[in-house]
Amino acid sequence: MKVIIIGGVAGGASAAARLRRLDETAEIVLLERSGYISYANCGLPYYIGGVIREKGALSVQTPEGFGGRFRIDVRVKNEAVSIDPEAKKVRIRRLETGEEYEESYDRLLLSPGAKAIRPALPGVEDPRVMTLRTVEDTLAIRKYLEEKRPRRAVVVGGGFIGLETAENLMEEGLAVTLLQRGDQVLPPLDYDMACQVHAYLREKGLDLRLGRDVTGFLPDGDALAVQVETAGADTAIRPAAAGRPASADCPASAGRKESVRADFVLMAAGVLPETKLAKEAGLTLGRKGAIVVNEHMQTSDPDIYAVGDAVEIRHFITGRKALVALAGPANRQGRIAADHICGRNSVYHGAQGSSIIKLFEMTAASTGVNEKQARELGLDYDRVITFSPSHAGYYPGARNLTIKTLFERSTGKLLGAQIVGFDGVDKRIDVLACAMRAGLTGEELQEMDLAYAPPYSSAKDPVNMAGYVIGNVREGLVEQYHWEEADALSEREDVILLDVRTEAEYRNGHIPGARNIPLDELRGRLEELDREKILYVNCQSGLRSYLACRILSQQGFSCKNLAGGYRFYASVKRDRTFDAAPAGPCGVPLQKT
């Protein structure tokens, strides 16, 4: 059996190694148009910033080492230019000479990955407008930094690559402006969770400008002038657009023009599946031109398989078609395709899009679906917002985690989770990802037996706490309302907005129209409240207001608790700096240690 693999990196290299482990006699040819067959895409920004100092560290395997160990015919700088499915042949070009030749195959595996979006804008061909997708791109940017010593950079796009590169450029001493077309960075997060990231990045010195369309690049002396047009309110991508903060980042009208001067520009405006070969070969394509595959990673031609960023897969949580451009899924897909080529009945059950990013000291992570996706899919969902210290609050160094957990109303099934914080984010998102994979409900998070010692967690782990709150909501012990509803409540005559924080906290900022009765005084002041009205209660984090709601509901009042409390409301509505201080047993911030 002869297998040709087009493309290395995660999916292709994983498939090649698995094929050899399963079939010692197979003829395996691996074609890679770059000079690197298996490299760490996710590590590329860190080489630019000097965190990774040896360029050899970016290569997981060298062509010589990989080919020798697995007896694979590795051909770097060889590009597949066409596929003839009927003749089962691939036409290949040697990039160093331009010579073309053909190779036949019994099975073909496509792992072409995705290509960086490079819009056809005026001036985009200027060599100072760069993209970051390959090792060669990384080396070129690092060389530019070392030789030209630029002082100012513009990054276009607030996804993973854009943000990680912005951080690394700032660590190298550059002044960085990040331009994002939409009203938030990090699309896997919902807007309300991303607001905490926005405030933190600005605090670290990033010139973050949201709602900006780049329209072109003009020479400006020895620099570039990035031409920008302000996007309008129609760029909002969350519900209750009228409730978003009025600021330069979310402008009310489109068309305002500006120019940002830079010594070089990184275009990180996203990626698209690279499927030109597949399209020309007549393979069936799906969303955004991605290759349609079955559960064994076979394309519409059963002798051609496809894996990685270029394929359309099943989302594990929703069962719908999705594109998930992540290394973990690509590796697993390569292994499953190799299994099936060798006669094993391996099945790919889909991905849930678990991802994580480091931004200076902060970490943001997500798994499953977010609210944007849940609404688009018409899911009947609810969500809870919880704040928990990364470890026991009395042990030095605890910092806050903000956790947003989505669940199905009718069953309690977990649908998605997002976490923003510092230490311990990775642990909790992985636990939640495993819980979703196992089909657990929100209430079942209460029963998870997780490791505890004061330096690592609390006796009630943040994951357990999310489960307790979901349980309270689903059992009817508390009703919730959310930040986007709060401002309009003061206009309703049937409502009382009640803030149960201390007087000092209340004076420091509160929801418009809210009256203050501290929790510890509430039982003695019930006569001040109108039993004919609905009480919308808030505290700082949601804990004291939950206790207030339990008191009020048992006294015959109708009440609702603000999910996430004033802390979360203020981070969204007031663009407050991320509050990392953990809360004590009653929601009052602990003293700093």
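Start with the whole surface: the accessible area of the protein chain comes to about 25,200 Å², and 49% of that belongs to carbon and sulfur atoms. Keep in mind as you click around that this is a predicted model.

**The whole chain**

Switch to cartoon view. You should be looking at 16 helices and 33 strands. Line the view up with the principal axes and the C-alpha atoms fill a box of roughly 90 × 60 × 45 Å. The radius of gyration is 27 Å, which agrees with the value near 25 Å that a compact globule of 593 residues would have. Colour by burial next: buried residues make up 55% of the 593 in the chain. If you like contact maps, take the contacts between residues at least 6 apart in sequence; 64% of them join residues at least 24 apart.

**The largest nonpolar core**

Now go inside. In soluble globular proteins, nonpolar side chains tend to be buried together. Here the largest nonpolar core has 60 residues, and the ones to select are Leu169, Leu186, Val197, Phe264 and Ile511, which touch the most other members. Helix H6, residues 191-203, supplies the largest share of this core, with seven residues.

Centre on Leu169. What is it in contact with, once you leave aside its neighbours within four places in sequence? Show Ile48, Leu145, Ala153, Val155, Leu174, Val176 and Phe264 as sticks and you have the set.

There is also a second, separate core of 49 residues. To find this second core, select Ile72, Ala278, Ala310 and Val311, which are among its members.

**An aromatic stop**

The chain has six aromatic pairs in total. For one of them, pick Phe66 and Phe70: the ring centres are 5.2 Å apart and the planes make an angle of 50 degrees, so the pair counts as tilted rather than stacked (under 30) or edge-to-face (over 60). Both residues sit in helix H3 (residues 63-70), four residues apart, about one turn of the helix. Phe66 and Phe70 are both buried.

**Salt bridges**

Time for charges. The structure holds 50 salt bridges, so be choosy about which ones you label.

Go to Arg142 first. Within helix H4 (residues 135-148), Arg142 and Glu146 are four residues apart, about one turn of the helix. Their closest N and O atoms are 3.1 Å apart, and the two form a salt bridge. Arg142 also pairs with Glu172, where the closest N and O atoms are 2.9 Å apart. This second link joins distant parts of the chain: Glu172 is in the loop between helix H5 (160-171) and strand S13 (175-180), 30 residues away from Arg142 in helix H4.

Is Arg142 buried or exposed? It is buried, because its relative accessible area of 14% falls under the 20% cut-off. Its two partners come out as partly exposed: Glu146 has a relative accessible area of 43%, and Glu172 has 35%.

For another pair, select Glu99 and Arg94, a salt bridge with the closest N and O atoms 2.9 Å apart. Glu99 is partly exposed at 42% relative accessible area, and Arg94 is partly exposed at 31%.

**Last selection**

Finish with a group rather than a pair. Select Asp190, Asp192, Glu371, Lys372, Arg375, Arg383, Lys404 and Glu484 together: these residues are linked in a network of salt bridges.

Terms used:
Residues are numbered from 1 along each chain as its sequence is written. This is a predicted model: local features need pLDDT of at least 70, side-chain atom pairs count only at pLDDT 80 or more; totals for chains, interfaces and linings use all residues. Side-chain values use heavy atoms; hydrogens and water are left out. A salt bridge is a side-chain nitrogen of Lys or Arg within 4 Å of a carboxyl oxygen of Asp or Glu. Buried means under 20% relative accessible area, exposed over 50%, partly exposed in between (1.4 Å probe, protein chains only). Helices (H or I, at least four residues) and strands (E, at least two) are DSSP runs, numbered from the N terminus. A nonpolar core is a set of buried Ala, Val, Leu, Ile, Met, Phe, Trp, Tyr and Cys residues joined through side-chain atoms within 4.5 Å. Contact means heavy atoms within 4.5 Å. The radius of gyration is taken over C-alpha atoms; the globule rule is 2.2 Å times the number of residues to the power 0.38. Accessible areas come from the Shrake-Rupley method with a 1.4 Å probe; for residues, only the protein chains shown count as cover. Rings of Phe, Tyr and Trp (its six-membered ring) pair if their centres lie within 6.5 Å; planes under 30 degrees apart count as stacked, over 60 as edge-to-face and the rest as tilted.
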